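Subject: Structure handover and findings

Dear colleague,

Please find below the structure that I am handing over to you. My notes on it follow directly after.

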Amino acid sequence: MPNNQPDSHNIQAWSLINRKYLGQGVRVKRFRRPQRSQIRNRVLLAVLMAKDIKLSRLAEELPVSSRSVSAWVYEGRIPSRKNLEKVCRFLGYPPHVLFNEALLRQSPILCQPTPSRYMKRTSSHSPSSNTILTGLCMVYDLSVTDVSIWIGVHPGTFRKWLHFSHLPSPALQEKAEAFFRIPRTILFADCEPE
């Protein structure tokens, strides 16, 4: 008498094959957590994260391929003149801020002494006027308190830089520039003198 039940061995084999090709489910995060060495254009990624713009959305808005946008951020490529103008117009920054060739060549790592955690409520409760500085804290997952201690300023002062676009004194700008390893003209591009 023929057995209509499939062989359990075959079911397990097909299960393994399906698991290999289909995976165990897909969970897509808003932004992938890049390794520090993978980010070549930290300023562009900082602006995108602070404005909550995914790479795929930027690619759709321009329109360019998402691979091109990924290359701009993670490989440090500079877009063609036409795309460069589109990106700068869409994000509201000049080319020398978003695609600074000296920064793209160096791509230095921060002088972060210890691990830190960026608090999401920092950006949700208060408007961030300094998009680049806020975005850099998000990119590196740095808390406002830790950065202010490492730079050597009061946390309230650092929050003024983030949320109210206060331009610090040249001495404090130099400290922030040394910590983030980004020129102060880019780091405080959103700030206005007091």
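The notes below go from the whole chain to the cavity and then to individual residues.

Please keep in mind throughout that this is a predicted model.

Overall architecture

The protein chain has 13 helices and 0 strands. Read along the sequence, its pattern is accordingly α-α-α-α-α-α-α-α-α-α-α-α-α. Of the 194 residues in the protein chain, 41% are buried. Among contacts with a separation of 6 or more, 68% are between residues 24 or more positions apart. The exposed surface of the protein chain comes to about 11,600 Å², and carbon and sulfur atoms supply 52% of that area.

The cavity

A search of the whole structure for cavities of 30 Å³ or more returned 1. The volume of this largest cavity is about 50 Å³. It is lined by 10 residues, of which Arg-40, Asn-41, Arg-42, Val-43 and Leu-103 are the closest to its centre. Three helices, H2 (42–50), H6 (95–98) and H7 (101–106), each supply at least two residues of the lining. By class, the lining residues divide into 5 nonpolar, 3 polar and 2 charged.

Asn-41, which is among the lining residues closest to the cavity centre, merits a separate description. Its place is in the loop between helix H1 (8–22) and H2. Is Asn-41 buried or exposed? Asn-41 counts as buried because its relative accessibility is 2%, which lies under the 20% cut-off. The side chain of Asn-41 reaches the backbone nitrogen of Leu-44 at 3.0 Å. With residues up to four places away in sequence set aside, Asn-41 touches Trp-72, Val-73, Leu-98, Phe-99 and Leu-104.

Helix H4

Two of those partners, Trp-72 and Val-73, also appear among the buried residues of helix H4 (residues 66–75). The buried residues of H4 are Val-69, Ala-71, Trp-72, Val-73 and Tyr-74. The elements that cover them include H2, H3 and helix H5 (81–91). Just after H4, Gly-76 takes a positive phi of about 75°.

Helix H5 and its surroundings

Two residues of helix H5 are described here. Leu-84 is found in this helix, as is Phe-90.

Leu-84 counts as buried because its relative accessibility is 15%, under the 20% limit. Leaving aside neighbours within four places in sequence, Leu-84 is in contact with Pro-79, Pro-95 and Phe-99. Leu-84 and Phe-99 are separated by 15 residues in sequence, and their C-alpha atoms are 8.7 Å apart. Phe-99 is also one of the residues touched by Asn-41.

Phe-90 has a relative accessibility of 30% and therefore counts as partly exposed, since that category lies between 20% and 50%. Beyond four places in sequence, Phe-90 touches Ile-53, Arg-57, Leu-58, Glu-61 and Leu-62. The C-alpha atoms of Phe-90 and Leu-62 are 8.1 Å apart, while the two residues are 28 apart in sequence.

The loop between H6 and H7

Asn-100 has its place in the loop between H6 and H7, the two helices each supplying at least two residues of the cavity lining. The side chain of Asn-100 reaches the backbone oxygen of His-96 at 3.4 Å. Not counting residues up to four places away in sequence, Asn-100 touches Pro-95 and Ile-186. Pro-95 is also in contact with Leu-84.

Positive phi outside glycine

Which loops hold Asp-52 and Asp-141? Asp-52 is found between H2 and helix H3 (55–61), and Asp-141 between helix H9 (131–139) and helix H10 (144–151). Phi of Asp-52 is near 55°, a positive value in a residue other than glycine. Asp-141 is likewise a residue other than glycine with a positive phi, near 60°. As for accessibility, Asp-52 is partly exposed because its relative accessible area is 40%, whereas Asp-141 counts as buried because its value is 18%.

With kind regards

Definitions and conventions: Residues numbered from 1 in each chain as written. Predicted model: local features only at pLDDT ≥ 70, side-chain atom pairs only at ≥ 80, totals over all residues. Heavy atoms only, no water. 1 Å grid on protein atoms, 1.4 Å probe; cavity = no way out; pocket = protein on both sides within 12 Å on 5 of 7 lines; lining within 4 Å. Points joined across faces, edges and corners; volume = space filled by probe spheres on them. Helix = DSSP H or I, 4+ residues; strand = E, 2+ residues; numbered from the N terminus. Nonpolar A, V, L, I, M, F, W, Y, C, P; charged D, E, K, R; others polar. Buried < 20%, exposed > 50% of the residue type's maximum accessible area, 1.4 Å probe, protein only. Polar contact = N/O pair within 3.5 Å; in protein donor to acceptor, adjacent residues only side chain to side chain. Contact = heavy atoms within 4.5 Å. Areas by Shrake-Rupley, 256 points an atom, 1.4 Å probe, with all protein chains shown as cover.
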